[in-house]
Every structure is written in C-alpha cells, then in structure tokens.
Amino acid sequence: MSDWDSTTIIGRRARAGGSGPRSQVARTQGQVNEARRTGAVLSVDKKYGSANTRGDSEGQRLTKVDRETDIVKPKKLDSEVGKIISRVRTDKKLSQKDLATRINEKPTVINDYEAARAIPNQQVLSKLERALGVKLRGKNIGEPLGGPKKK
C-alpha cells in the first residue's frame, strides 16, 4: 500500500516534455468540449482579466444595484444658519471674500454655507462663529458668542 521508494515530482520538472496535464490551455468553448470528450484533465475557472477587457458585467451590475439600495443623502446645513451667517456678515460690512480670508477658507465655502448647500463641518463652523461672534451650533443659534462674564 505504501511505496517509500517512489518519488512524486511536483512543478515544472514533472512535465518537462510538455506532455503534462496542464500543457495546453483551452481558450474557446470548442476546445473545452473537445477536452471533455477525450477525457482529459479539465478545470474550468473564470479568469478575470485586466480592467480594459470587456466581459461579463454581471458583477458590475450587482454592485450598481447594491449601491442604489442604500443611498443616504448627507446632512445639509440648516437654511436658518445660512441666513444668520449672511445677516451677521452684512451687518459687519464684510464681503464673502473678506470673511473667507479671515477664516482661511475659499469664498465658495462661505457661499455654500450661506446658501445652505454645504455639508456641515464643525471646524469651519467654529471658525465662522469666532469670526462673526455669533453662535451657529447647538442651542440659541444666532445669539452673541460667549457666556456670562466671570467675576
């Protein structure tokens, strides 16, 4: 049952003459069918090529369907906060560009916050609060920044 003297060579040396079971790769369906008829060793695996190859797009379609089911819109800034930013900025006679320069942001950021199109960023809101002197987060939005004076 056990033969200790025989050796089994695995790898390239086992099929040095090119007559091993994997010497030929079936690339077409006809070649696969021919191998099945002759009883040759056969393994049918789906190989994925590079990104440029056109093939079965089933995986891409499933990914697209999966993404469609759980679309969560990001929270936008409240329009009330945008109006307060605009009102206080004009009261202080600042342009959007001037306010953006004060808080080291681009003028488009200020425009997006005032139009309530921006996704709220706590760091930007903190800079705006300090530059305008008005609360923009939490309770009492629109009230002057700073609490009671310490004695």
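These legends go with a set of close-up views of one predicted model.

The model is predicted, so local features need pLDDT of at least 70 and side-chain atom pairs count only at pLDDT 80 or more, while totals for chains, interfaces and linings use all residues. Residues are numbered from 1 along each chain as its sequence is written, and side-chain values use heavy atoms, with hydrogens and water left out.

**View 1. The whole chain has 6 helices and 0 strands.** Helices (H or I, at least four residues) and strands (E, at least two) are DSSP runs, numbered from the N terminus. Read from that end, the elements go α-α-α-α-α-α. Of the 151 residues, 19% are buried; here that means under 20% relative accessible area, with exposed being over 50% and partly exposed in between (1.4 Å probe, protein chains only). A contact is a pair with heavy atoms within 4.5 Å. Take the contacts between residues at least 6 apart in sequence, and 42% of them join residues at least 24 apart.

**View 2. Helix α3 keeps its buried residues on the same side.** With 13 residues, α3 reaches 18 Å from its first C-alpha to its last, close to the 18 Å expected at 1.5 Å a residue (the expected span is 1.5 Å times one less than the number of residues). V81, G82, I84, I85, V88 and R89 are the buried residues of α3. They cover an arc of only 160° around the axis, which puts them on the same side of α3; the arc is that of the directions from the helix axis to the C-beta atoms. On the other side of α3, look for K83 and D91, which are exposed. Cover for the buried residues of α3 includes α4, α5 and α6.

**View 3. K93 has a positive phi just after α3.** K93 isn't a glycine, yet its phi is about 60°. You'll find K93 in the loop between α3 (79–91) and α4 (96–102). Its relative accessibility is 76%, so K93 counts as exposed.

**View 4. Helix α5 lines one face with buried residues.** The buried residues of α5 are V109, I110, Y113 and E114. Seen down the axis of α5, they fall within an arc of 130°, so they line one face of the helix. As for what covers them, the list includes α3, α4 and α6.

**View 5. E114, in helix α5, is buried.** The relative accessibility of E114 is 14%, which is why it counts as buried. Setting aside neighbours within four places in sequence, E114 is in contact with G82, K83, I85, S86, R89 and Q96.

**View 6. A116 follows α5 with a positive phi.** A116 is another residue other than glycine whose phi is positive, near 60°. The loop that holds A116 runs between α5 (107–114) and α6 (122–132). A116 is buried, at 17% relative accessible area.

**View 7. Helices α5 and α6 are roughly perpendicular to each other.** Their axes come within 12 Å and cross at roughly 90°. Axes are lines fitted to C-alpha atoms, for helices over the stretch in contact, and angles run from 0 to 180 degrees between N-to-C directions. Roughly perpendicular covers 65 to 115 degrees. V109, I110 and Y113 in α5 meet V124, L125 and L128 in α6. The residues of this contact divide into 6 nonpolar, no polar and no charged. For that split, Ala, Val, Leu, Ile, Met, Phe, Trp, Tyr, Cys and Pro count as nonpolar, Asp, Glu, Lys and Arg as charged, and the others, Gly among them, as polar.

Notes: Parallel < 35°, antiparallel > 145°, perpendicular 65-115°, else oblique.
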